[in-house]
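I set out to record what I looked up in this structure, entry by entry. The strands come first, then the helices, the empty spaces and the backbone.

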Amino acid sequence: MKQTNFLENIVNRKNKPLAARMTPRSFEEFAGQDNIVGDGKLLRRLIEADNLGSVIFFGPPGTGKSALARIIASKTKAYFEEANAVTTGTANIRKIIEVARARTETSGRKTILMLDEIHHFNRSQQDALLPDVERGIITLIGITTENPFFYINAAIISRSTVFEFQLLSKKVLLYVMKSALKDKENGLGSYKVRMSEEAREHLLVNAYGDARKLLNALEIGVLSAEVNGEGIRVFDIGVAQESMQKRAVLYDRSGDAHYDHISAFIKSMRGTDPDAAVYWMAKMLVAGEDPRFIARRIIICASEDVGMADPRALTLAVSALSAVQFVGMPEARIILAQAAIYVACAPKSNASCMAVEQALSEVKNGKVRSVPNHLKDANLDGEKLGHGRGYKYPHDFEGHYTQQEYWTDPVEFYTPTKEGYEGKIRERLLGIRKKKNKA
């Protein structure tokens, strides 16, 4: 790795963008990812003991993958080499490995190779790394924004420990922002900045867990903000929108707007207006709403408003929640749109919902009923008491149905509609109820 003197380091750092200048240089400055580098965690212990094996760091951009690799560089006694898979070919990698092998043989010093965007290497290029990773000639730190189990050879994966980086929380992003505004040496601390709460929230929400995106917008905003008569740079919502190149959306996740928008979303699906449903959903997502919250509301609507008219709607909605949690944003928007459109376009029936409401009312206010003897459990000593005696097993009869009493003084709670699949249920149930009435 090219060595630079102290003065060059200062000059180079000053000329870099804010995101690069604020790159953490120690664990004390590193924010987020406590699940893997918090005190006492495995990766933290390995780094501090300078006993790190090959690792794969994967996760969204701006979450600290490269920054952590450079912290490792500052702590290790090994020689640290950086390369980017986009600009580095197989020949360059082989040259790095040859030098690393010679270094090991002459001085016993290990070499750590940080290979950024490793997913851009094809299978044969990745295979070129494998023998020397296996022999310990190089310790690989592979960095990728893609799922390594899809993009990196299984052989490399099996010889590495995989660590997943998560999107940074708003709390962590706020810490990063405050640090940058306070730091006079590397940050924006030499400027007097007055930032509105609305502008701050806009930056934090629309950074989508990406510290680099946040710091880039913060730097643009501070440097472009107007200076008032007191020498203060006024960072308002207008500046925040221009810095992010994203319009602010009026939506308070903890206030009335939160409930108004989700209400409009549900009522649009219930009213079979997929366009309106997708619009309200998109507005909530742009404003930073938790996609899991939206998915849960789709599940409720699939059961409450679609119900037995299309029982597949509930299955699809539940699958959507699972997929959203697995995939995450921004791709989760596609999954949510599919589920919302399906539920909106499906035939509607609230018959199941009405049935359970009436049943609950009957339990609370109606006649108290006991379980008929022939329906009781005959296990243990129940048979001696006559439990289960006289029960007719429906599968023993034609059509897998036979007339028998399932409760006293029956009341009809479920009134199936003619909509969709429930129309078929209605026909069958009406036929059975006619038989009961005749009996």
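**Entry 1: central strands**

Which way do Val55, Ile56, Phe57 and Phe58 point from strand S1, and are they buried or exposed? I note first that the model is predicted. Val55 and Phe57 point one way from S1 (residues 55–58), Ile56 and Phe58 point the other way, and all are buried. This agrees with the general pattern that side chains in a regular strand alternate between the two faces of the sheet.

I then looked up the partners of S1. S1 pairs with strand S4 (residues 138–144) in the parallel sense, over 4 bridges. Within that pairing, Val55 has Ile141 as its bridge partner, and Phe58 has Thr144. S1 also runs parallel to strand S5 (residues 161–164), and 4 bridges join the two. There I found Val55 opposite Thr161.

S4 has a further neighbour. Strand S3 (residues 111–116) runs parallel to S4, with 6 bridges between them, and Leu113 of this pairing stands opposite Leu140. How many residues of S4 are buried? The count is 7 of 7, so S4 is largely enclosed by the rest of the structure. Ile138, Leu140, Gly142 and Thr144 point one way from S4, whereas Thr139, Ile141 and Ile143 point the other way.

**Entry 2: helices H6, H18 and H7**

I checked the span of helix H6 (residues 90–107) against expectation. Its 18 residues reach 25 Å from first C-alpha to last, close to the 26 Å expected at 1.5 Å a residue. The buried residues of H6 are Ile93, Ile96, Ile97, Ala100 and Arg103. Why do I describe the buried residues of H6 as lining one face? Seen down the axis of H6, they fall within an arc of 120°, so they line one face of the helix. In general, an α-helix has 3.6 residues a turn, so residues three or four places apart point the same way. On the other side of H6, I recorded Ala91, Arg94, Lys95, Glu105 and Thr106 as exposed.

The same check on helix H18 (residues 332–345) gave 14 residues reaching 20 Å, close to the expected 20 Å. The buried residues I noted in H18 are Ala332, Ile335, Leu336, Ala337, Ala339, Ala340, Val343 and Ala344.

In helix H7 (residues 123–135) I looked up Val133. Val133 has 9% relative accessibility and therefore counts as buried. From Val133 to Phe30 I recorded 103 residues in sequence and 28 Å in space, C-alpha to C-alpha.

**Entry 3: cavity and pocket**

I searched for enclosed space and found 1 cavity of 30 Å³ or more. About 60 Å³ lies in the largest cavity. Its lining includes Leu46, Ile47, Ile72, Lys75, Lys110 and Thr139. Helix H4 (42–48) and helix H5 (65–75) are the elements that give two or more residues to this lining. By class, the lining has 6 nonpolar, 3 polar and 3 charged residues.

I next turned to the second largest pocket, which holds about 1,500 Å³. Which of its 41 lining residues are the closest to its centre? They are Pro60, Leu167, Val327, Gly328 and Met329. Among the elements giving two or more residues to the lining are helix H10 (170–182), helix H15 (274–286) and helix H17 (312–327). H17 gives the most, with 4 residues. The pocket lining divides into 22 nonpolar, 9 polar and 10 charged residues.

**Entry 4: backbone exceptions**

As a reference, most residues other than glycine have a negative phi, and most peptide bonds are trans. I therefore list the exceptions that I looked up, beginning with the bond from Met329 to Pro330, which is cis with omega near 5°. Pro330 lies in the loop between H17 and H18.

Gln33 has a positive phi of about 55° although it is not a glycine. Gln33 sits in the loop between helix H2 (18–21) and helix H3 (34–37), and at 5% relative accessibility Gln33 counts as buried.

Glu117 likewise has a positive phi, near 55°. I located Glu117 in the loop between S3 and H7. Is Glu117 buried, partly exposed or exposed? At 28% relative accessibility, Glu117 counts as partly exposed.

Notes
Residues numbered from 1 in each chain as written. Predicted model: local features only at pLDDT ≥ 70, side-chain atom pairs only at ≥ 80, totals over all residues. Heavy atoms only, no water. 1 Å grid on protein atoms, 1.4 Å probe; cavity = no way out; pocket = protein on both sides within 12 Å on 5 of 7 lines; lining within 4 Å. Points joined across faces, edges and corners; volume = space filled by probe spheres on them. Nonpolar A, V, L, I, M, F, W, Y, C, P; charged D, E, K, R; others polar. Buried < 20%, exposed > 50% of the residue type's maximum accessible area, 1.4 Å probe, protein only. Pairing = 2+ DSSP bridges. Expected span 1.5 Å × (residues − 1). Arc of directions from axis to C-beta.
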